[in-house]
Amino acid sequence: FGKRVADPQIFGSRDEAHASAAVAIRVGTADPFELCSGALVAPNVVLTARHCVAQTAEGSVDCTTAVVGSTFPTRSFGVTTNPNMFAGGAKYYSVAEVIEPSDSTFCGNDIALLRLTSNVPASEATPAAPVVQHKSFNTSRYDTKVTAIGYGATSAANNGSGTRRIKRAINILCMDGSRTYCSS
């Protein structure tokens with residue numbers, strides 16, 4: 001499936017068994033497969049990064065030229081709410097449809113929805129209810145720290161991937177659209 005552009009590590013995190021809206025996405029049908037994280041935003045809809053569901057350029061991304069390639073077939077994905085995606089008995093949901101922006105430029109369009117073939121029961125996971133009321137760079141309304149939850153590795157050696165983890169109080173150094181200069 002090609003190398004992913006985003007950095008999958010969640011360094012300095014701790015295990016998180018209770019954030020049931022955070023899901024693991026298996027990308028590929030054979031070992032080794034890729035793994036991504038997503039958020040259950042409705043009983044049958046997962047929000048994830050577009051680079052998890054489609055071909056992307058290897059290495060660094062140049063926003064002036066980078067485009068997204070073809071989307072992987074829906075049979076390539078499996079979604080689980082299990083805190084450890086490798087645990088015996090982890091249930092996987094199939095994907096019926098991948099919904100992406102029509103614009104094929106990579107930067108500004110790294111978002112996708114996965115419509116599952118069946119609902120995740122409320123007893124298993126509670127969908128996240130994101131609310132956006134103000135521009136994200138309006139720091140008078142939002143904190144300059146975020147919380148990350150995902151299934152990525154915990155070290156540069158890719159140790160620990162496949163277990164849901166959380167890291168709190170991550171500083172936001174700069175954000176596109178803000179008045180703070182972003183050097184990279």
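**View 1. Strand 2 and strand 3 side by side in a predicted model.**
Welcome to this predicted model; the opening close-up shows strand 2, made of residues 22–27, next to strand 3, made of residues 34–42. The two strands pair in the antiparallel sense, and six bridges link them. To find one of these places for yourself, start from Ala24: its bridge partner in strand 3 is Ser37.

**View 2. An open sheet of six strands.**
Here the picture widens to the sheet that holds strands 2 and 3. Follow the strands across the sheet and you meet them in the order 5-2-3-4-7-6, with antiparallel pairing. Strand 5 (77–80) and strand 6 (95–99) are the edge strands, and each of them pairs on one side only. From one strand to the next, the twist averages 30°.

**View 3. Asn109 in the loop between strand 6 and strand 7.**
This loop leads us to Asn109, which sits between strand 6 and strand 7 (112–116). Is Asn109 buried or exposed? Its relative accessibility is 12%, so Asn109 counts as buried, the cut-off for buried being under 20%. Leaving aside residues up to four places away in sequence, Asn109 touches Arg50, Pro101 and Asp103.

**View 4. Ala169 and its positive phi.**
Our last stop is strand 9, residues 165–171, where Ala169 lies. Look at the backbone here: phi of Ala169 is near 60°, a positive value in a residue other than glycine. Most residues other than glycine have a negative phi.

Technical notes: Residues numbered from 1 in each chain as written. Predicted model: local features only at pLDDT ≥ 70, side-chain atom pairs only at ≥ 80, totals over all residues. Heavy atoms only, no water. Pairing = 2+ DSSP bridges. Helix = DSSP H or I, 4+ residues; strand = E, 2+ residues; numbered from the N terminus. Axes fitted to C-alpha atoms, helices over the stretch in contact; angles between N-to-C directions. Buried < 20%, exposed > 50% of the residue type's maximum accessible area, 1.4 Å probe, protein only. Contact = heavy atoms within 4.5 Å.
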